[in-house]
Amino acid sequence: MRKSLIFLLAVFLLTACQSKIITTKTVDMYNASGDMVGTAELSEEADGVKIKLKLEGLTPGFHGIHVHEYPKCDAPDFKSAGSHLNPEGKEHGLMHPKGSHLGDLPNVEAESDGLVDAELILPKATLKDGKMSLLRGEGTSLVVTEGQDDGVSQPGGDSGVRILCGKIKSGKGKVPEQTPTDPTEFNEKQKDE
Ligand SMILES: [Zn+2]
């Protein structure tokens, strides 16, 4: 009885919220001087959040990249972004036996011309609501570091200073969005059940 009630409630909520669900997000990436140096296109996929990254002006070689806790990118050190996003209380590092943080990503490589063109996946993350959401609260941020992440050192993989930062803003927090439900659509759904 209770289960079916919860199920009905879930169906109702899903129907009511459908028009608000965000499945893509473009993040502008800035360096410590405040110049925009690229973008990250986030999209909701079955196996996590995909990140299409295009950057310029980086030192050739590998760089660490992580999702951080807050959508705050105060130059020049970007410490305002907080620590790596870690809703499950795990250790840092994709190679750590007790890892990894939700926000841990594989290193990206800048070519000899300083360009990065990479496609990454953040498994288990989502742009929808919930504990694993990159858009929880006011949002999170994407930060690139000078050095590469060694995959095991605490707390940040010994990847050096933060050189680029982009806000992944949820847009929540100020004006609440009022999306009226479509009564016709709801009636149709009810008829089907
Ligand atoms: Zn981490």
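Reader: What makes the link between β2 and β3 a hairpin, and how many residues does the hairpin run through?

Author: The hairpin joins β2 to β3 through two residues. The two strands run antiparallel and share eight bridges. Two strands count as paired if DSSP finds at least two bridges between them, so β2 and β3 qualify. One of the matches sets Glu 41 against Lys 52 in β3. This is a predicted model: local features need pLDDT of at least 70, side-chain atom pairs count only at pLDDT 80 or more, and totals for chains, interfaces and linings use all residues. Residues are numbered from 1 along each chain as its sequence is written.

Reader: How do you know what counts as a strand, and how many helices and strands are there?

Author: Strands (E, at least two residues) and helices (H or I, at least four) are DSSP runs, numbered from the N terminus. On that basis the protein chain has two helices and nine strands, in the order α-β-β-β-β-β-β-β-β-β-α.

Reader: What makes β5 and β7 edge strands?

Author: Each of them pairs on one side only. The open sheet holds seven strands in the order β5-β8-β9-β1-β2-β3-β7, with antiparallel pairing. At one edge, β5 and β8 share four bridges, with His 66 opposite Val 143. At the other, seven bridges join β3 to β7, and Ile 51 has Leu 120 as its partner. Further in, β8 and β9 also pair over seven bridges, where Leu 142 faces Gly 166. In general, strands of a sheet pair through backbone hydrogen bonds, either parallel or antiparallel.

Reader: Why is β5 said to be covered on both faces?

Author: Happily, the burial rule settles that. A residue is buried if 20 or more other C-beta atoms, placed from the backbone, lie within 10 Å of its own; it is exposed if 12 or fewer do, and partly exposed in between. Ile 65 and Val 67 on one side of β5, and His 66 and His 68 on the other, are all buried. In the protein chain of 193 residues, buried ones make up 31%.

Reader: And why is Lys 124 called partly exposed?

Author: Lys 124 has 14 C-beta neighbours inside 10 Å, a count that falls between the two limits, so it is partly exposed. This residue sits in the loop between β7 and β8. Two residues are in contact if their C-beta atoms lie within 7 Å; beyond four places in sequence, Lys 124 touches Gly 48, Leu 102 and Met 132.

Reader: What makes a set of residues a nonpolar core, and which members of the largest one touch the most others?

Author: Such a core is a set of buried Ala, Val, Leu, Ile, Met, Phe, Trp, Tyr and Cys residues joined through C-beta atoms within 7 Å. The largest has 32 residues, of which Met 29, Ala 40, Leu 55, Leu 142, Val 143 and Leu 164 touch the most other members. Leaving out residues up to four places away, the contacts of Met 29 include Ala 40, Leu 55, Leu 142 and Leu 164.

Reader: How do you know how far to trust the model, and what is its mean pLDDT?

Author: The predictor's confidence in each residue is its pLDDT, from 0 to 100. Here the mean is 88, and 79% of residues reach 70 or more. Over residues 189–193 the value is below 50. Where pLDDT is low, the predicted coordinates should not be read in detail.
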